[in-house]
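Trainee: I want to know what stands behind each label. Can we go through them one by one?

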Amino acid sequence: MAAKTYWLTDGADTKALVDGDAERDRWIPLGWFVSDAPVEGEWVWLQHAVTGGKQRFPAVAAPLWAPRGWTPSSPPEPENLYKDPQPSDDTPTAADKTTTAAAASGKNKE
């Protein structure tokens, strides 16, 4: 038996489609509510079948994107503000610090 699908809303104007009771129950504490299918004037989350990317589309345009691999989906995962950000490879070098310090000093005015 296939899992039941649920349309959820964020309480504003955006809808998302989730599969199964467990997925529905996971999104409810995150501010989503069970709703009806999207209508004109609302937005819907779609996911691309190949890239996995998610994007919000106007509900009336969603069927036009289906032939291009976009299907209704759950919203993107919320950001975890308590998780440490990923380390960056863009740490300043000594040369960057020297250039920045010289520029900030105002000595090299044009």
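Mentor: Start with contact: it means heavy atoms within 4.5 Å. Leaving aside neighbours within four places in sequence, serine 73 is in contact with Ala16, Leu17, Trp45, Leu46, Gln47 and Lys54. Note that this is a predicted model: local features need pLDDT of at least 70, side-chain atom pairs count only at pLDDT 80 or more, and totals for chains, interfaces and linings use all residues. Residues are numbered from 1 along each chain as its sequence is written, and side-chain values use heavy atoms, with hydrogens and water left out.

Trainee: Why is serine 73 called buried?

Mentor: Buried means under 20% relative accessible area, exposed over 50%, partly exposed in between (1.4 Å probe, protein chains only). Serine 73 has 5%, so it is buried. Its place is in the loop between strand S6 (70-72) and helix H3 (94-105). Helices (H or I, at least four residues) and strands (E, at least two) are DSSP runs, numbered from the N terminus.

Trainee: What makes glycine 53 partly exposed?

Mentor: Its relative accessible area is 27%, which falls between the two limits, so glycine 53 is partly exposed. Glycine 53 lies in the loop between strand S4 (43-48) and strand S5 (54-58). Leaving aside neighbours within four places in sequence, it is in contact with Leu46, Gln47, His48 and Trp70. The C-alpha atoms of glycine 53 and tryptophan 70 are separated by 9.2 Å, at 17 residues apart along the chain.

Trainee: How many aromatic pairs does the structure hold?

Mentor: Three. Rings of Phe, Tyr and Trp (its six-membered ring) pair if their centres lie within 6.5 Å; planes under 30 degrees apart count as stacked, over 60 as edge-to-face and the rest as tilted. Tryptophan 27 and tryptophan 32 are 6.3 Å centre to centre, with 80 degrees between the planes: edge-to-face. Both of these tryptophans are buried.

Trainee: Why is the pair of phenylalanine 57 and tryptophan 65 called tilted?

Mentor: The ring centres are 5.0 Å apart and the planes stand at 50 degrees, neither under 30 nor over 60, so the pair is tilted. Phenylalanine 57 counts as buried at 9% relative accessibility. Tryptophan 65 counts as partly exposed at 29%. Ring pairs link Phe57, Trp65 and Trp70 into a cluster.

Trainee: How do you know that the charged end of arginine 56 sits over the ring of tryptophan 43?

Mentor: The test needs NZ of Lys or CZ of Arg within 6 Å of the ring centre and within 35 degrees of the ring normal. The charged end of arginine 56 is 4.4 Å from the ring centre of tryptophan 43 and sits over that ring. Likewise, the charged end of arginine 24 sits over the ring of tyrosine 6, 4.6 Å from its centre.
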